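This report covers a single protein chain and takes up its salt bridges, its strands and its nonpolar core. The sequence and structure are shown below.

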Amino acid sequence: MVNHVNHNKIILGTVQMGLDYGINNKNGKILFEESQKILNKAYLSGINTLDTAEVYGDAHNVIGRFHEKNPSMKFKINTKIPNNINLNQLEFKIENYLDELRVDHLETIMFHSFDSYVKNEEILTKLISLKNNGIIKNIGVSVYKNAEIENLLIDDSISVVQLPFNLLDNLNLKEGLFEKLKDKNKLIHTRSAFLQGLFFKDLHDKNRIVQQLKAELGWLKNLLLEYNCSIEQLAISYCFMNKEIDNIILGIDSLDQLNINLQAAKFNLTNELLEKIHEIKISDINILNPSLWN
């Protein structure tokens, strides 16, 4: 199986451009100049969409300043509204987003969580009207659990579902759902390709989650040795090989890391290696949910 890499399948995550974020982020928030270089390299490499949010510190402004300086290099923008959004503020907020980001419409506006989506019916109605006016192209929901995905299948107003997918939270846990989402013409965006950086951790790290997943992480490390590949190659190509995934969100904390990830996407994941990945079965799937780690 040969991976024909299409870099526009990658959506660049921008949380580290606005915040100090991630279990394995040793460098803190990316410096502004470095962020501008990353955005430039990403655009020239064929990445045309960014994933951001109001709660990602000043990420909106970092992107907006890039657009201001490079008017011919406009990214599509997927952003998220805060969980505690007020209906009366919504339209003003979205106008503010467009202004900060220096774009004339949003590719996707997301609910940050399934709970936020469920509790904000009036907000959804307003977003549908903004979509009809061309200010928003898609409405999406960021989910963690399979049951949440099942619920979104019956709502035609939701066209993007963002969900975790990686070497541990893999096809064993997701397979049937991908087909169902495609049957409903929904776009599948995956995140957590490196499980928030957990895959880079040393097995002797005292981190509680590392210790609870020590056997599974050890299995992955053995595959890296056996097949002479890096964790970036294994993790990114695993997401790329799935034809039902429309886009893969990759967060990075440096220009070097972006270059490594772009190269890693070219790795040829064989069927034999794929079968070995799928031998990993997680008994307690809650442990794969970073929102429960603290």
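A residue counts as buried under 20% relative accessible area, as exposed over 50%, and as partly exposed in between. By that scale Glu 68, at 48% relative accessibility, is partly exposed. The model is predicted.

## Salt bridges

Eleven salt bridges are present in the structure. Side chains of opposite charge can pair when their charged atoms come close. The table lists some of these pairs with their closest N and O distances.

| Acidic residue | Basic residue | Closest N and O atoms |
|---|---|---|
| Asp 58 | Lys 29 | 3.1 Å |
| Glu 68 | Arg 102 | 3.3 Å |
| Asp 246 | Lys 182 | 2.6 Å |

In the salt bridge of Asp 58 with Lys 29, the closest N and O atoms are 3.1 Å apart. This pair connects distant parts of the chain, 29 residues apart: Asp 58 sits in the loop between β2 (49-51) and α3 (59-69), and Lys 29 in the loop between α1 (15-18) and α2 (32-44). Asp 58 has a relative accessible area of 29% and is therefore partly exposed. Lys 29 is also partly exposed, with a value of 37%.

Arg 102 and Glu 68 form another salt bridge, with 3.3 Å between the closest N and O atoms. Here too distant parts of the chain are linked: Arg 102 belongs to the loop between α4 (87-101) and β4 (106-111), Glu 68 belongs to helix α3, and the two are 34 residues apart. Arg 102 has a relative accessibility of 35%, so this residue counts as partly exposed.

For Asp 246 and Lys 182, the salt bridge has its closest N and O atoms 2.6 Å apart. The two residues are 64 residues apart and link distant parts of the chain, with Asp 246 in the loop between α11 (231-240) and β8 (247-251) and Lys 182 in helix α8 (residues 171-183). Asp 246 is partly exposed at 26% relative accessibility. Lys 182 is likewise partly exposed, with a relative accessible area of 26%.

## Lys 69 in helix α3

Which helix holds Lys 69? Lys 69 lies in helix α3, and its relative accessibility of 48% makes the residue partly exposed. Leaving aside residues up to four places away in sequence, Lys 69 touches Phe 32 and Gln 36. Lys 69 and Gln 36 are 33 residues apart along the chain, and their C-alpha atoms are separated by 9.7 Å.

## Barrel

Eight strands form a closed barrel in the order β1-β2-β3-β4-β5-β6-β7-β8, with parallel pairing. From one strand to the next, the twist averages 30°. Strand β7 (residues 187-191) runs parallel to β8 and is joined to β8 by two bridges. Thr 190 has Ile 248 in β8 as its bridge partner.

## Nonpolar core

The largest nonpolar core holds 90 residues, and those that touch the most other members are Leu 12, Leu 127, Leu 168, Phe 199, Leu 213 and Leu 234. Helix α11 supplies the largest share of this core, seven residues.

What does Leu 12 touch, not counting residues up to four places away in sequence? Among its contacts are Met 17, Ile 38, Leu 39, Ala 42 and Ile 47. The list also includes Thr 49, Leu 50 and Asp 51, as well as Leu 250, Ile 252 and Leu 258.

Technical notes
Residues are numbered from 1 along each chain as its sequence is written. This is a predicted model: local features need pLDDT of at least 70, side-chain atom pairs count only at pLDDT 80 or more; totals for chains, interfaces and linings use all residues. Side-chain values use heavy atoms; hydrogens and water are left out. A salt bridge is a side-chain nitrogen of Lys or Arg within 4 Å of a carboxyl oxygen of Asp or Glu. Helices (H or I, at least four residues) and strands (E, at least two) are DSSP runs, numbered from the N terminus. Buried means under 20% relative accessible area, exposed over 50%, partly exposed in between (1.4 Å probe, protein chains only). A nonpolar core is a set of buried Ala, Val, Leu, Ile, Met, Phe, Trp, Tyr and Cys residues joined through side-chain atoms within 4.5 Å. Contact means heavy atoms within 4.5 Å. Two strands pair if DSSP finds at least two bridges between them. Axes are lines fitted to C-alpha atoms, for helices over the stretch in contact, and angles run from 0 to 180 degrees between N-to-C directions.
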